[in-house]
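Trainee: I should like a close look at a single part of this model, with its surroundings brought in for context. Please give the cut-off behind each term as you use it.

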Amino acid sequence: MVDKRKRLIDIAIELFINHGIISVTMDELASTAGMSKKTVYQCFANKGILVEAVVDQLIGQSKNIISSNTDASDDPVQELVFQQGLFKHLIVLRYLFNDMMLKRYPRAMKAFHEFKINHLKAVIESNLSNGIAMGLYRTGLDVPATAGIYISVADFYLFNNTVRTAADIFEALQLFINGIITNDGRRVLANYNK
């Protein structure tokens, strides 16, 4: 049953990305998966539970990307540059995590907002604190407020209904980084932008 659930979640993600959460039916999921409706409903009692499972899996993937970026970086500046990988992941999922879509599924929306506010913000706050301590970021930054700005920029560019390109998002991230780094931080950043 676990393998079937995993397969259904993977298929649901593809369907949701291509057609939107609202328009995909449990019948369409069953047909695409080559399973009976009964099997689908044994795995997920309703579409709301399926959407929650999809969001949980995508949040888990996002956390893994963040963790990998943090582990692979040599310093806080590089970590922020690497976090563009997270945004590449989220760009693909931007229509899934749209508030308008998820408001029909409040538990899924709450889980995603908690991920952004609790997990992602904590990672950015840690990054900012480390960058300040290393002299790569400006002293005097209000760490929680600056992390909040980072989250707001991400929200605006990733989840605003206005179509944004990946280049727009990465330019906004570069502006954010340039706004917080010191001259030493700029030298470090220049090495990563080559």
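Mentor: The account below begins with the basis of the model, then takes up one helix closely, and afterwards sets other parts of the chain beside it.

The model is a predicted one, in which local features need pLDDT of at least 70 and side-chain atom pairs count only at pLDDT 80 or more, while totals for chains, interfaces and linings use all residues. Residues are numbered from 1 along each chain as its sequence is written, and side-chain values use heavy atoms, with hydrogens and water left out.

The term pLDDT denotes the predictor's confidence in each residue, on a scale from 0 to 100. The protein has a mean pLDDT of 88, and 90% of its residues reach 70 or more. Helices here are DSSP runs of H or I with at least four residues, numbered from the N terminus. Among the elements, helix H2 (residues 26-33) has the highest mean pLDDT, 96, whereas helix H7 (residues 99-102) has the lowest, 66. Where pLDDT is low, the predicted coordinates should not be read in detail.

The part chosen for the close look is helix H11, which covers residues 183-192. Its description rests on relative accessible area: under 20% is buried, over 50% is exposed, and values in between are partly exposed (1.4 Å probe, protein chains only). Gly-185, Val-188 and Leu-189 are the buried residues to consider in H11. These three lie on the same side of the helix, because they cover an arc of only 100 degrees around its axis. The arc is that of the directions from the helix axis to the C-beta atoms. On the face of H11 turned away from the buried side are the exposed residues Asn-183 and Arg-187.

Arg-187 also takes part in a salt bridge, its partner being Asp-184, with an N to O distance of 2.2 Å. A salt bridge is counted where a side-chain nitrogen of Lys or Arg lies within 4 Å of a carboxyl oxygen of Asp or Glu. Both residues belong to H11 and are 3 residues apart, about one turn of the helix. The relative accessibility of Arg-187 is 52%, so this residue counts as exposed. Asp-184 has a relative accessible area of 40% and is therefore partly exposed.

The whole structure holds 6 salt bridges, and two others invite a reading alongside the one in H11. In helix H1 (residues 2-19), Asp-10 and Lys-6 are 4 residues apart, which means a separation of about one helical turn. Their side chains meet in a salt bridge of 3.0 Å, N to O. Asp-10 is partly exposed at 31% relative accessibility, and Lys-6 is partly exposed at 41%. In helix H8 (residues 106-133), Glu-114 and Lys-110 are likewise 4 residues apart, about one turn of the helix. The closest N and O atoms of this salt bridge are 3.7 Å apart. Here Glu-114 is partly exposed at 38%, while Lys-110 is exposed at 52%.

The interior of the protein offers a counterpart to these charged pairs. A nonpolar core is a set of buried Ala, Val, Leu, Ile, Met, Phe, Trp, Tyr and Cys residues joined through side-chain atoms within 4.5 Å. The largest such core has 59 residues, of which Phe-16, Leu-29, Val-54 and Tyr-137 touch the most other members. Helix H4 gives the most to this core, with 8 residues. In soluble globular proteins, nonpolar side chains tend to be buried together.

Contact means heavy atoms within 4.5 Å. Leaving aside residues up to four places away in sequence, Phe-16 touches Ile-21, Val-24, Lys-47, Leu-50, Val-51, Val-54 and Leu-96. Asn-69, in helix H4 (residues 47-72), is buried because its relative accessibility is 11%. With the same sequence neighbours left aside, Asn-69 touches Glu-79, Phe-82, Gln-83 and Leu-86.

Aromatic rings complete the picture. Rings of Phe, Tyr and Trp (its six-membered ring) pair if their centres lie within 6.5 Å; planes under 30 degrees apart count as stacked, over 60 as edge-to-face and the rest as tilted. The count comes to 2 aromatic pairs. One of them, Tyr-150 with Phe-176, is edge-to-face, at 5.1 Å centre to centre and 70 degrees between the planes. This pair links distant parts of the chain, since Tyr-150 is in helix H9 and Phe-176 in helix H10 (residues 166-180), 26 residues apart. Both Tyr-150 and Phe-176 are buried.

Definitions and conventions
Helix = DSSP H or I, 4+ residues; strand = E, 2+ residues; numbered from the N terminus.
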